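Let's take a walk through this model together, one region at a time. Have the sequence and the coordinates open as you read.

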Amino acid sequence: MIPKPPPRDGALGFLYLPPFRVQGYSVAGEATTINIPEMDVCFDMGFSPRSALAAKFCAISHGHMDHIGGLAYWCSQRNFQGMGPGTLVCDARIESDVRGMMTGFQNLERQKTPYELIALEHEQEIQLKNNIMLRAFHTEHTAPSMGYVIVEKRTKLKEHLQGLPQEKLREMKMRGEDIVNHLEVPLLAYTGDTLPGAHLLRDDVRKAQVIVSECTFFEPDHTERAKIGMHMHVNDLVEWLKVAECEHMVIVHISRRTHLGQARKQLNQLAGKELASKVHFLMDHRTNRARYDEQAEEARLLEEELSNRD
Ligand SMILES: [Zn+2]
Ligand SMILES: [Zn+2]
């Protein structure tokens, strides 16, 4: 007998939740990194897969090693590949610690990896692209922790002005009149590691189209462990699902010992099939692959139909 090759670890999870791709890796305590290519952002950088390099921003939820271990490497690789300095976003409470880590690497390497660092307070936001902002909010974990929500800011002409000629509207605007209503559409929320609490019931989180949430524990007798580690348990998840208005909830940070088929069964039992059907497990490769194949087949049929129409 010859020794077995090592297990094929480290395959990235992937979900297409139009218009977003949610891709990355996440196992509790080992590594979490979630990349949303359409938004140019990664959430956390437990390790740095090649596909995460293209993101311009990396928003860190907290300083635990499984969320930050690949951060310096990410900056260094981006630089090495000529992609320019990465922009790190973190909680203002850990800004100096993140800088200290980066300085440590600079000293070790005898070279200066460039990076930008933006430290955010609770409720503060930065621009990701045109009218799309990244907003931070405090969460509750064993270290200072933040969640993020990506918000699109839209303007809509006030109702009583609709139908007026452009000329007239321009005139009113020049006079300084407010002719539009401002509204915001929460697109995607990321919780990082956290206990359940009021921060999950914020409108911008509860109503985000896609929620990427941790849920570390599924075993019925692990509620106490969840509390001690300040993590979510499936019971918390089910309560939240009842009031969350998202189209999709992506569960990450599941412990390695959790059997995903078993976790799915439990979720179906506790939440009911209908609520549970909007929940995806990022690392359930087989289920997600089948779902993607179906999406691809649907897209192919649609294209065929459209080309037949011409
Ligand atoms: Zn973690
Ligand atoms: Zn943590």
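The paragraphs below go from the metal sites to a run of strands, then to a helix and to the charged pairs.

A word on conventions comes first. This is a predicted model, in which local features need pLDDT of at least 70 and side-chain atom pairs count only at pLDDT 80 or more, while totals for chains, interfaces and linings use all residues. Residues are numbered from 1 along each chain as its sequence is written, chains are lettered from A and ligands numbered from 1 in the order in which they are written, and side-chain values use heavy atoms, with hydrogens and water left out.

Start with the zinc ion (ligand 1). Its coordination comes from Asp66 (OD), His67 (NE2), Asp193 (OD) and His253 (NE2), at 2.1 to 2.2 Å. Donors here are N, O and S atoms within 2.8 Å of the metal (3.2 Å for Na, K and Ca), and since water is not among the atoms, sites may look incomplete. The angles among the four donor atoms of the zinc ion (ligand 1) run from 86 to 172°, and the site is irregular. That label follows from a rule: four donors count as tetrahedral if all angles lie between 85 and 135 degrees, four count as square planar and six as octahedral if opposite donors are over 155 degrees apart and all others between 65 and 115, and anything else is irregular. Along the chain, the donors of the zinc ion (ligand 1) follow the spacing D-H-x125-D-x59-H. His67 sits in helix α1 (residues 65-68) and His253 in the loop between β13 and α8, so this pair ties together parts that are 186 residues apart in sequence. Helices (H or I, at least four residues) and strands (E, at least two) are DSSP runs, numbered from the N terminus. Are these two histidines, His67 and His253, buried or exposed? His67 is buried, with a relative accessible area of 0%, and His253 is buried too, at 2%. Buried means under 20% relative accessible area, exposed over 50%, and partly exposed in between (1.4 Å probe, protein chains only).

Now move to the zinc ion (ligand 2). Which residue bridges the two zinc ions? Asp193 does, and the zinc ions lie 3.4 Å apart. The protein donors of the zinc ion (ligand 2) are His62 (NE2), His64 (ND1), His141 (NE2) and Asp193 (OD), lying 2.2 to 2.4 Å from the metal. This site is irregular as well, with angles of 90 to 166° among its four donor atoms. In sequence its donor residues are spaced H-x1-H-x76-H-x51-D. His141 lies in the loop between β9 (132-138) and β10 (146-157), and Asp193 in the loop between β11 (180-190) and α5, so the two tie together parts that are 52 residues apart in sequence. Both His141 and Asp193 are buried.

Next, look at strands β1 to β3. Strand β1 (residues 13-17) pairs with β2 in the antiparallel sense over five bridges, where pairing requires that DSSP finds at least two bridges between two strands. A hairpin of two residues connects β1 to β2. On the other side of the hairpin of β2 and β3, five bridges join antiparallel β2 and strand β3 (residues 31-36). Gln23 has a partner in each pairing: Phe14 stands opposite Gln23, and Gln23 stands opposite Asn35 in β3. The hairpin of β2 and β3 has three residues between the strands, and there Gly29 takes a positive phi near 80°. Seven of the eight residues of β2 (residues 20-27) are buried, so this strand is largely enclosed by the rest of the structure.

Helix α7 (residues 234-241) comes next. Its residues Val234, Leu237, Val238, Trp240 and Leu241 are buried. Seen down the axis of α7, the buried residues fall within an arc of 165°, so they line one face of the helix; the arc is that of the directions from the helix axis to the C-beta atoms. They pack against several elements, including β12 (210-214), α8 (260-271) and β14 (279-281), with contact meaning heavy atoms within 4.5 Å.

Finally, turn to the charged pairs. The whole structure holds 23 salt bridges, each a side-chain nitrogen of Lys or Arg within 4 Å of a carboxyl oxygen of Asp or Glu. In one of them, Glu167 meets Arg170 (3.5 Å, N to O). These two residues are three apart in helix α4 (residues 166-174), and about one helical turn separates them. Glu167 is exposed, at 53% relative accessibility. Asp293 and Arg289 form another salt bridge (3.1 Å, N to O), and both lie in helix α10 (residues 285-309), four residues apart. Asp293 is partly exposed, at 37%. A network of salt bridges also links Glu123, Glu125, Arg135, Lys153, Glu184, Arg202 and Asp204.
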